[in-house]
Amino acid sequence: MSLLTDSLERALESHNLTLKEWRELIQRLLDYGVLCRDDSQVEAELYDRFERIEALVDDYLSLMGVRLQHDTRFQFVRLIPPGARVPGIEDESDEPFNGGFRTRLNQAEIALVLILRAEYDKAVREGVIDEQGCATLSLEAVALASKNLLQRSLPEALAERRQLFRRLRQLRLIHYAQETDLEQTDSWIKVRPLIVNLVNNEWLENLRQDIEADAPPTDDTDEAEPEGASIFSGER
């Protein structure tokens with residue numbers, strides 16, 4: 001047994017956890033990059049386990065230059081890769097990181113994230129956020145906002161639309177019960193507060209200025225990647 005493993009097991013014993021339970025937690029974090037307590041029973045158990053040994057997990061991941069964002073109010077934890085810039089969190093390094101943990105969102109995913117971020121802000125202003133900090137939106141409202149803000153429609157092909165929303169659900173940005181919910185415009189989705197960390201206020205202000213000027217969004221808005229769009233993903 002290595003010295004590091006031996007030290008880790010002793011630290012875990014003080015929290016009544018085994019090395020197997022540690023591996024389950026770390027592997028889940030590295031695979032998905034995020035834990036949301038209200039997503040499922042599995043994630044609730046892993047999140048509670050994380051809270052017991054947060055300092056230990058933080059020390060372990062910091063050896064790789066990975067940081068943690070832990071929101072105790074809305075009960076989620078997210079991994080931040082080395083060099084990633086996240087609104088509200090001070091950067092530790094400006095060095096680029098192109099390793100395996102991060103994958104980039106494609107243009108359709110970026111567009112949907114922008115729309116959901118804008119609609120989430122609207123829900124906050126109107127005071128229609130639930131206790132978990134989520135905003136409930138109809139697909140019809142999302143489609144309308146997409147046309148108004150970015151002059152683009154949601155994918156018409158059902159398979160493509162499912163894949164787009166499935167991607168954001170895997171990143172714990174949204175939640176919906178079943179994929180069949182995406183077939184009807186009167187279906188509803190929940191937008192989680194994690195959306196705030198992917199798109200900063202400067203991006204939203206640029207969109208608002210374009211709309212007020214009655215002009216289409218700039219090329220930068222359509223092609224560039226929003227701050228924080230390179231994130232951990234469960235897809236390979």
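Here are some worked exercises on the structure above.

The model is predicted, so to speak of a local feature we ask for pLDDT of at least 70, and side-chain atom pairs count only at pLDDT 80 or more, while totals for chains, interfaces and linings use all residues. Residues are numbered from 1 along each chain as its sequence is written, and side-chain values use heavy atoms, with hydrogens and water left out.

**Exercise 1. Take stock of the whole protein.**

Task: Work out how many helices and strands there are, and what share of the residues is buried.

Solution:
- Step 1. Helices (H or I, at least four residues) and strands (E, at least two) are DSSP runs, numbered from the N terminus. On that basis the protein has nine helices and eight strands.
- Step 2. Buried means under 20% relative accessible area, exposed over 50%, and partly exposed in between (1.4 Å probe, protein chains only). Of the 236 residues, 43% count as buried.
- Step 3. Contact means heavy atoms within 4.5 Å. Among contacts between residues at least 6 apart in sequence, 62% join residues at least 24 apart.

**Exercise 2. Map the sheet that contains strand 1.**

Task: Find the strand order, name the edge strands, and describe the hairpin.

Solution:
- Step 1. Two strands pair if DSSP finds at least two bridges between them. This open sheet has three strands in the order 1-3-2, with antiparallel pairing.
- Step 2. The edges are strand 1 (34-36) and strand 2, each of which pairs on one side only.
- Step 3. Now go pair by pair. Three bridges join strand 1 to strand 3, and Valine 34 sits opposite arginine 78 in strand 3. Strand 2 (residues 67-71) and strand 3 (residues 76-80) pair over five bridges, with leucine 68 opposite leucine 79.
- Step 4. Look at the turn. Strand 2 and strand 3 make a hairpin with four residues between them, and glutamine 75 in the turn has a positive phi of about 55 degrees.

**Exercise 3. Do the same for the sheet that contains strand 7.**

Task: Give the strand order, then say which helix packs on the sheet.

Solution:
- Step 1. Three strands form this open sheet in the order 5-7-6, paired antiparallel.
- Step 2. Strand 5 (135-138) and strand 6 (174-175) are the edge strands, each pairing on one side only.
- Step 3. Two bridges join strand 6 to strand 7 (residues 188-191), and isoleucine 174 stands opposite valine 191 in strand 7.
- Step 4. Helix 5 (residues 107-126) packs on the sheet and touches strand 5, strand 6 and strand 7; its direction makes about 120 degrees with that of strand 5. For such angles, axes are lines fitted to C-alpha atoms, for helices over the stretch in contact, and angles run from 0 to 180 degrees between N-to-C directions.

**Exercise 4. Check helix 5 from end to end.**

Task: Compare the span of helix 5 with the expected one, then say how many of its residues are buried.

Solution:
- Step 1. The expected span of a helix is 1.5 Å times one less than its number of residues. For the 20 residues of helix 5 that should be 28 Å, and the end C-alpha atoms are 29 Å apart, which agrees.
- Step 2. In helix 5, 14 of the 20 residues are buried, so the helix is largely enclosed by the rest of the structure.
- Step 3. Check the ends. At the start, a side-chain oxygen of asparagine 106 reaches to within 3.1 Å of the backbone nitrogen of alanine 108. After the helix comes glycine 127, with a positive phi near 70 degrees.
- Step 4. Zoom in on isoleucine 115, which lies in helix 5 and is buried, with a relative accessible area of 1%. Leaving out residues up to four places away in sequence, isoleucine 115 touches Val142, Ala145, Ser146, Leu149 and Leu150.

**Exercise 5. Look at two loop residues with positive phi.**

Task: Is asparagine 16 buried or exposed, and where is glutamine 151 found?

Solution:
- Step 1. Asparagine 16 sits in the loop between helix 1 (3-13) and helix 2 (19-32). Its phi is near 60 degrees, and asparagine 16 is exposed, with a relative accessible area of 66%.
- Step 2. Glutamine 151 is in the loop between helix 6 (139-150) and helix 7 (158-170). The phi of glutamine 151 is near 55 degrees, and the residue is partly exposed at 46% relative accessible area.

Conventions: Polar contact = N/O pair within 3.5 Å; in protein donor to acceptor, adjacent residues only side chain to side chain.
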